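Work through the exercises below with the sequence and the model open. Each task is followed by a stepwise solution.

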Amino acid sequence: MATLPNPLPRLATDPSGRSLGLQLPPGKLVDLTDDGPWHEPLLWHAEKPAAPGTWKALGAPAARAGLLPVLVDAGGSCDGLEDWVLLPGETSYPGDHDAEDVLAEYWEEETEDGEIAEEIEPFGAEWPGLAPAAPLSADPDTRAAQVADALVRDPESEIEEAHLALVPARRSADIPAAIGWTGPVNYEGDVARMCAVLRSWEDRFGVRVVALGPETLVVSVAAPPTTQEAAEAVAAEHFAFCPDTVMEEGPDPLRAYAKDLLGSPSWTFWWD
């Protein structure tokens with residue numbers, strides 16, 4: 001996958017990040033993958049859990065240094081992210097994939113079961129196409145900081161123990177591919193295809209990747225849908241992207257899920 005020059009190796013001899021214009025707390029560089037050590041660090045993460053304001057304080061200066069912020073869930077791990085499965089060597093480049101083609105393929109696979117096609121009213125077996133872009137209701141990076149703070153404040157958050165991480169990536173949507181994240185591996189083996197969708201959501205809905213767990217993804221949304229019709233169009237994309245998040249809604253799941261998207265500042269996805 002195409003990458004920018006990686007500033008992270010400089011933190012091995014300059015752990016505070018002063019040479020990059022940063023003032024980092026104690027942290028760890030992660031280069032361990034499921035295939036053995038990677039040739040350079042994939043990410044840095046703080047040793048202590050994030051607090052409200054951490055994202056704003058470190059995220060903007062880190063971005064100027066070529067590092068993008070994301071919260072990573074270290075809950076349940078004996079030592080940071082050692083329990084995570086990272087496979088950067090099996091990840092392609094997000095820019096090589098078309099978001100609509102990816103979603104249409106997922107849609108076709110999921111609706112091969114006629115019963116499921118009947119459950120996702122007002123749609124069916126035919127892919128409905130991409131939802132239209134929505135107007136921004138907030139600055140995307142400001143919204144990302146707000147969602148990050150909400151996650152670290154919430155004791156019942158989907159992210160059990162959020163630590164700030166910094167990743168060398170061209171854009172926020174590419175973060176999962178940059179580290180070889182395998183959260184949706186039972187659904188999609190090449191996470192770069194999902195990052196192509198995230199890029200499209202960045203462009204249409206002001207999305208930023210805010211948090212990753214072993215199987216969980218949280219994004220902030222600066223341009224959420226504001227009408228039921230628009231929300232249902234977005235919900236269709238979510239169904240293709242991560243069917244379980246929609247189908248758990250019960251009867252008439254897509255319409256019920258769409259109601260929750262109205263004005264929502266964040267979207268959460270999980271894969272078994």
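**Exercise 1.** Compare the span of helix H4 with the expected span.

Solution. Step 1: H4 (helices are DSSP runs of H or I with at least four residues, strands runs of E with at least two, numbered from the N terminus) has 14 residues. Step 2: the expected span is 1.5 Å times one less than the number of residues, here 20 Å. Step 3: from first C-alpha to last, H4 reaches 20 Å, close to that value.

The model is predicted: local features need pLDDT of at least 70, side-chain atom pairs pLDDT 80 or more, while totals for chains, interfaces and linings use all residues. Numbering starts from 1 along each chain as its sequence is written, and side-chain values use heavy atoms, without hydrogens and water.

**Exercise 2.** Which residues of H4 are buried, and what covers them?

Solution. Step 1: with buried meaning under 20% relative accessible area (1.4 Å probe, protein chains only), the buried residues are Pro 140, Arg 143, Ala 144, Ala 145, Val 147, Ala 148, Asp 149 and Leu 151. Step 2: their cover includes H1, E5, E7, E8 and E9.

**Exercise 3.** Which elements each supply at least two residues of the lining of the largest pocket?

Solution. Step 1: the elements are H4 (140–153), strand E8 (216–221), helix H9 (253–261) and strand E9 (266–270). Step 2: H4 gives the largest share, 5 residues.

**Exercise 4.** Which elements do so for the second largest pocket?

Solution. Helix H1 (54–64), strand E5 (68–73), H4 and strand E7 (207–212) each supply at least two lining residues.

Technical notes. Buried < 20%, exposed > 50% of the residue type's maximum accessible area, 1.4 Å probe, protein only. Contact = heavy atoms within 4.5 Å.
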